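Reader: I'm new to reading structures, and I'd like to know how people back up the words they use. Can we go through one together?

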Amino acid sequence: MPRLSPTEIHRRGVAAINRGHIRRADQLLRTALVEASEPDLLARISASLAYTEAELGDRTAALERCAAVMRRADLSPQARAIVRSQQAVLMSRGGDLAAVIGLFDLAFPALEPGSPERANALMNRGIAHLELGDLAKANQDFRTAASDYRLVQDGEGAATAEHNQGYVQLLLGDLVGALELMDRAEAGLVNAGLQVRTVGLQDRAEVLLAAGMTRDAVVQLEQVVKNFTTLRLPRMRAEGEVVLGRALLWLDPARTRLLARAAGRRLRKHGNASWALRADTLELLAEATDTKPAASWLGRAESVSVELREHQLTPEAQLLDLTAAHVAVAHGQLDLAKQLLDRGETNARDSLTERLLERRVKADLAFAAGRRGTGLGHLQAGLDLLAQWQSSFSSLDLLSSVVGHGRLLATTGIQVALSEGLPANVFNWSELARALTSRIAPVRPPRDQQMAADLVQIRQLTTTEPAAGSAQAKQLAQLRDRVRKRAW
């Protein structure tokens, strides 16, 4: 058997990375490094090896490897740009995203348009823009990356870039647009490795979460964590655990605390400061959801909030500040609650969760000050906001799943009305609570013939619920998923 060249060994190592086989890739790349002698090839191999080192838990060694390569004087501008791009990827886990984007900007002039190297750099810079909340720049990077991937006939790369554009639409609040792009991308990723497909599964679960379809999202996220565990990718597993914990926050806050704590440890081991802070935030939120936290909780929340803002994680800081404001009211610290409320102020672009929580805290403050009418007005405004959100969807599935968002607002209104002893007010608030579950469009036969045929099959398969894991159960799951997508 002919001996493989270091170029071929490197190529196989990169292919192993793309399939999620990090340990195998690390072995191949170390072999390639010993065999290679040409400076640019050594630089490329070192950049790839730095990635596997970081994924296996030694980010410091990975950064030192890149720095050592950059000190060489015999590299071409393109090789130097490739290593610089890898440095940026590794630094992005530390949280200084402005510096990360600056490194990518330095690298781009030496990367040829329409090359896989530039496409990869665009993808990674787009993710950094995404983390910073600059969605327009992220979307542009993903669009250009897709074009570059197509020029080099990398269908999986182009599909991944399109999938990321779908994630941008999710953050913009266009859930249907996000699913359309992700569905289209999914067709180009059928032969991708388990790692790539699992990242897509996690993103799709986040769309379900944003739509309030929590239980469906939990099922997918459980699979995400299982897949990354099988692949022995602890950093990605930890990120999946954070998203799973977020989905379980109201269903099982005790489990959320355990997931967040374990994920935080793993993320810090890998030098991923931004995601570790997300895990810390989730642990605090779970504690506030599961119990009435002690006053000391407020100090911990303040410390994490400051770090979140230092890392430009503003949405997470906003949610934590509003939760802390609610806790502060419960401890009678009304001035602190007002300060936190001002710091966490929302606008129309913020998520429904933060906007409803803000109304709840404003109501808490009004009731604490004896302004009953103002407090009820904030509760009513929150329910109106929820009703407006519900009416923006025509899907029965979506409408049924978001009811829990307004439960605390409605029950608080009922409690206040009961304390007044006025039956008419109790009846009015009870009707508002009932409306949360009754604002659902009547069921009519669908005009879509494919959907109608699928519904008939679903009815036939559910005459008796098929056994879990059976062929019938898998067929039923596929049919339900297809009906949901067409309805959306």
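Reader: Why is Glu283 called buried?

Author: This is a predicted model, so everything here is computed from it. Glu283 has a relative accessible area of 16%, and buried means under 20%, so Glu283 counts as buried.

Reader: What makes Glu283 and Arg261 a salt bridge?

Author: Their closest N and O atoms are 2.8 Å apart. The cut-off is a Lys or Arg side-chain nitrogen within 4 Å of a carboxyl oxygen of Asp or Glu, so the pair passes. The two residues sit 22 positions apart, with Glu283 in helix α15 and Arg261 in helix α14, and the pair links distant parts of the chain.

Reader: And why is Arg261 called partly exposed?

Author: Its relative accessible area is 36%. Partly exposed is the range between under 20% and over 50%, so that's where Arg261 belongs.

Reader: What makes Arg257 and Glu287 count as a salt bridge?

Author: For Arg257 and Glu287 the closest N and O atoms are 4.0 Å apart, and the rule asks for within 4 Å. This pair also ties together distant parts of the chain: Arg257 is in helix α14 (residues 253–269) and Glu287 is in helix α15 (residues 273–290), 30 residues apart.

Reader: Which of those two is buried, Arg257 or Glu287?

Author: Glu287, because a relative accessible area of 12% is under the 20% cut-off. Arg257 has 22%, so Arg257 is partly exposed.

Reader: Why would side chains pair up like that?

Author: Opposite charges can pair when their charged atoms come close.

Reader: How do you know that Glu8 and Arg12 are about one helical turn apart?

Author: Both are in helix α1 (residues 6–18), and they're four residues apart, which means a separation of about one turn. Their side chains meet in a salt bridge at 2.9 Å, N to O. Arg12 has a relative accessible area of 37%, so Arg12 is partly exposed.

Reader: How many salt bridges does the rule give for the chain?

Author: The count comes to 29. The chain has 61 positive and 56 negative side chains, and the centres of those two sets lie 3 Å apart.

Reader: What about a residue without a charge, say Ala363: buried or exposed?

Author: Ala363 is buried, because its relative accessibility is 0% and the cut-off is under 20%. You'll find Ala363 in helix α19 (residues 352–368).

Reader: What does Ala363 touch, leaving out residues up to four places away in sequence?

Author: Gly375, His378 and Leu379. As for Gly373, its C-alpha atom is 9.4 Å from that of Ala363, and the two are 10 residues apart along the chain.

Reader: Zooming out, how do you know that the chain agrees with a compact globule?

Author: Compare two values: with 488 residues, a compact globule would have a radius of gyration near 23 Å, and the chain has 25 Å, so the two agree. Along its principal axes, the C-alpha trace spans about 90 × 60 × 35 Å.

Reader: How much of the chain counts as buried?

Author: Of the 488 residues, 49% do. The accessible surface comes to about 23400 Å², and 52% of that belongs to carbon and sulfur atoms.

Reader: And what is the chain built from, in helices and strands?

Author: There are 25 helices and zero strands. Among contacts with a separation of 6 or more, 59% come from residues 24 or more positions apart.

Conventions:
Residues numbered from 1 in each chain as written. Predicted model: local features only at pLDDT ≥ 70, side-chain atom pairs only at ≥ 80, totals over all residues. Heavy atoms only, no water. Rg over C-alpha atoms; globule rule 2.2 N^0.38 Å. Buried < 20%, exposed > 50% of the residue type's maximum accessible area, 1.4 Å probe, protein only. Contact = heavy atoms within 4.5 Å. Areas by Shrake-Rupley, 256 points an atom, 1.4 Å probe, with all protein chains shown as cover. Lys, Arg positive; Asp, Glu negative; His and termini not counted. Charge placed at Lys NZ, Arg CZ, Asp CG, Glu CD.
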